[in-house]
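Here is a friendly walk through a structure that you can turn on your screen as you read. Keep the viewer open and follow the names as they come up.

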2 protein chains.
Amino acid sequence: MALDGEGLLARLRTELPGLPEALQRVAELILRDPEEAAQSTIVDLAERSGTSPATVTRFCRTLGFRGYAGLRVAIATEIGRAAQARWEIDVDRDIAPDHPLQRVLGVIVSADTQAIRETADRLDLTAVEVVASTIAEAIGSGRRVEVFGVGSSAAATTELVFRLQRLRVACWHRAEAHSALSSAALLRPGDLAIGVSHSGRTREVIEFLAEAAEHGAMTVAVTSYPRSPLAETAELVLTTETHETSFRLAALSALHSQLLVLDLVYVAVAQRSHPAVDEAFELTARAVQTHRLPEHPIRKGKR
Amino acid sequence: MALDGEGLLARLRTELPGLPEALQRVAELILRDPEEAAQSTIVDLAERSGTSPATVTRFCRTLGFRGYAGLRVAIATEIGRAAQARWEIDVDRDIAPDHPLQRVLGVIVSADTQAIRETADRLDLTAVEVVASTIAEAIGSGRRVEVFGVGSSAAATTELVFRLQRLRVACWHRAEAHSALSSAALLRPGDLAIGVSHSGRTREVIEFLAEAAEHGAMTVAVTSYPRSPLAETAELVLTTETHETSFRLAALSALHSQLLVLDLVYVAVAQRSHPAVDEAFELTARAVQTHRLPEHPIRKGKR
DNA sequence: CACAAGCATGAAAATTATGTTCACCCTTTC
DNA sequence: GAAAGGGTGAACATAATTTTCATGCTTGTG
């Protein structure tokens, strides 16, 4: 969407503590009943929050809107969104130690789904296209794909590699910085290096991409911050949006965003390597099958 | 909302032919670009539709709104709804080799978000409660937590372990079946074993849980099939729903569901281990910090 | 401690947007 | 072809929004 109020309510909640007192009162009022706020005139809002219209205007400006109308529309948009998505009613609250599980779950779900949706909204499909084609070309051609991510991002990279290998892509994930750097140094033009880091500031990953670039490989960054050092180092950037409601939540949902992006890359590669690879697909599926117990009629469980 | 705009745009389209000419022009303009309409003042709208403000007011009344503000909010709400719905529509389609990326993305997003929501809907919170408390008790008490999953599920388990370790839980993830079995054999009453398998039929994982149970550990299965052998082996079952639109998609979104469940477990443990652990949390965050390049000036969001 | 500098705030003025009235025009109908 | 009736916009009235400005409060400094 062009003009977005995406996560407006979330942002309000986040920024609320940093706001001057009068503005806080306005924010609270809006958060307490967004629907009503969207209907109110600026005077209403001012009165009910015990402030003045001038303050409300300032409030809008502070949030980056041109004026009250902008805020109103943004709130209304959010209401529409929430109405459509049942789970997002509880949107964007933070988690406190004493919150019941039901609520915690609601918060996590909304953070995750919103992260996924926003990532999808803003993803640069052209870049994905390029990445996928490059990987697809690497199949059976002796070209290599090196993927690197540490900490939480490692889960995403492992998964990508695991899947790409099923497609017969010569693809590796390095568990630690040293071997990642060595592998990067062995890359050549035509090869591909993918670095994943939520913050875009993980030194090891940046060095990994830089090393790869130096040796002529194409470099791709997967990060939430398109202006981070990692992004600047890379040729192509795939942006993963996250909901900055709280630091902890952002970290959790970042993984979902990363997976989404990498899933798409994976599927796109599978599409582009058709049909030679469909076979590889089936083969690996069958190999795994033998480790599974046979499909069987369902036993009536005790639980 | 009192006068709601449910399907406002649809209604406009329906009623358009029956409207007088000037009002039609207004309706068309709105339908052509609802977003822009929501941003415009009544004068803008009048000018661009070649009518007068008076006409636009009449238009609002005709539709049952109290005035222009009402219409505006209704349009904005619709926009939000549409934006949200966009990712929900594509459900139940499959992916074919020739589908464009945009569509593939839509299918993946809807499969993932739906999997997340359904998992949340059906999750047995009581079981989560028990698991979380057990893990929380394990902190600093010499009790152990062993987690095992192979293939795709390994990503989820690695992540869980990574996070739990930050909370000072004595927690391990085994990379392969043999060491998983040995570790399971070393478990004792009070310890916990978590086995993750989408299908619930991965032999290694089942054996792992069985071994753990034999030694008196509490056993938890995370699987999409609550009546699978894995589930029957385990004491507690956390069910991850997936959308069975296609085999491939189910596998992709299964990971999101697993992550959701394990995220919840993680947060629940963090809650229950407060406050001794808040410190551990900060500490690890800081240790990682030094590997990051310094934070840089934050973009104060324009608009 | 006095004082300046800097913000936050609301009162009131200025501007703009919105709603209302009314005169006109174009159909339609008899 | 005249009267009735709805549709329309110009002009006005009202209300909402924005801007300006004076004031009080905090913060840092000599």
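Let us start with one residue of a loop. Arg168(B) has 18 C-beta neighbours inside 10 Å, so Arg168(B) counts as partly exposed. You will find Arg168(B) in the loop between H9 and E2 of chain B. Its backbone deserves a look too: the phi of Arg168(B) is near 70 degrees, a positive value in a residue other than glycine. Please keep in mind throughout that this is a predicted model.

Now turn to chain A and find Arg168(A), which sits in the loop between H9 and strand E2 (171-173) of chain A. Here phi is near 70 degrees, again positive in a residue other than glycine. Arg168(A) is partly exposed, with 18 other C-beta atoms within 10 Å.

**Chain A as a whole**

Chain A holds 14 helices and five strands. Its length is 303 residues, and 53% of them count as buried. Among the contacts in chain A with a separation of 6 or more, 65% are between residues 24 or more positions apart.

**Where the two chains meet**

The contact between the chains draws 67 residues from chain A and 69 residues from chain B. On the side of chain A that touches chain B, the helices that each supply at least two residues are H3 (34-39), H6 (68-84), H7 (101-122), H8 (125-138), H9 (152-166), H11 (203-214) and H13 (247-273). Which of them gives the largest share? That is H7(A), with eleven residues. Sorted by class, this side of chain A has 35 nonpolar, 17 polar and 15 charged residues.

**The sheet of chain B**

Next, look for the open sheet of chain B: five strands in the order E2-E1-E3-E4-E5, paired in parallel. Strand E2 (171-173) and strand E5 (236-239) of chain B stand at the edges with a single partner strand each, so one side of each has no neighbour in the sheet. From one strand to the next, the twist averages 15 degrees.

Further in, strand E1 (residues 145-149) and strand E3 (residues 192-196) of chain B run parallel and are joined by five bridges. If you would like a single pair to click on, Glu146(B) has Ala193(B) in E3(B) as its bridge partner.

Helices pack on this sheet. Helix H8 (residues 125-138) of chain B touches E1, E3, strand E4 (218-223) and E5 of chain B, and its direction makes about 115 degrees with that of E5(B). Helix H9 (residues 152-166) of chain B lies across E1, E2 and E3 of chain B, at about 160 degrees to E1(B).

**A helix with many buried residues**

Helix H11 (residues 203-214) of chain B has twelve residues and spans 16 Å from its first C-alpha to its last, close to the 16 Å expected at 1.5 Å a residue. Its buried residues are Glu204(B), Val205(B), Ile206(B), Phe208(B), Leu209(B), Glu211(B) and Ala212(B). An α-helix has 3.6 residues a turn, so residues three or four places apart point the same way. What do the buried residues of H11(B) pack against? Their partners are E1, helix H10 (177-185), E3, E4 and helix H12 (229-233) of chain B. Just after H11(B) comes Gly216(B), with a positive phi of about 90 degrees.

**The two DNA strands**

Finally, turn to the DNA, where both protein chains contribute. The table sets out the surfaces near the two strands.

| DNA strand | Residues around the strand | Closest residues | Classes |
|---|---|---|---|
| DNA strand C | 19 residues | Pro20(A), Ala22(A), Thr41(B), Ile42(B), Gly67(B) | twelve nonpolar, six polar, one charged residues |
| DNA strand D | 19 residues | Thr41(A), Ile42(A), Gly67(A), Tyr68(A), Ala22(B) | twelve nonpolar, six polar, one charged residues |

For DNA strand C, helix H2 (21-32) and H5 of chain A, together with helix H4 (42-48), H5 and helix H6 (68-89) of chain B, each supply at least two residues of the nearby surface. H5(B) gives the most there, with four residues.

For DNA strand D, at least two residues each come from helix H4 (42-48), helix H5 (53-62) and H6 of chain A, and from helix H2 (21-32) and helix H5 (53-62) of chain B. Here H5(A) gives the most, with four residues.

Technical notes. Residues are numbered from 1 along each chain as its sequence is written. Chains are lettered from A and ligands numbered from 1 in the order in which they are written. This is a predicted model: local features need pLDDT of at least 70, side-chain atom pairs count only at pLDDT 80 or more; totals for chains, interfaces and linings use all residues. Two residues are in contact if their C-beta atoms, placed from the backbone, lie within 7 Å. Ala, Val, Leu, Ile, Met, Phe, Trp, Tyr, Cys and Pro count as nonpolar, Asp, Glu, Lys and Arg as charged, and the others, Gly among them, as polar. Two strands pair if DSSP finds at least two bridges between them. Axes are lines fitted to C-alpha atoms, for helices over the stretch in contact, and angles run from 0 to 180 degrees between N-to-C directions. A residue is near a molecule or strand if its C-beta atom, placed from the backbone, lies within 6 Å of it. The expected span of a helix is 1.5 Å times one less than its number of residues. A residue is buried if 20 or more other C-beta atoms lie within 10 Å of its own, exposed if 12 or fewer, and partly exposed in between; C-beta atoms are placed from the backbone.
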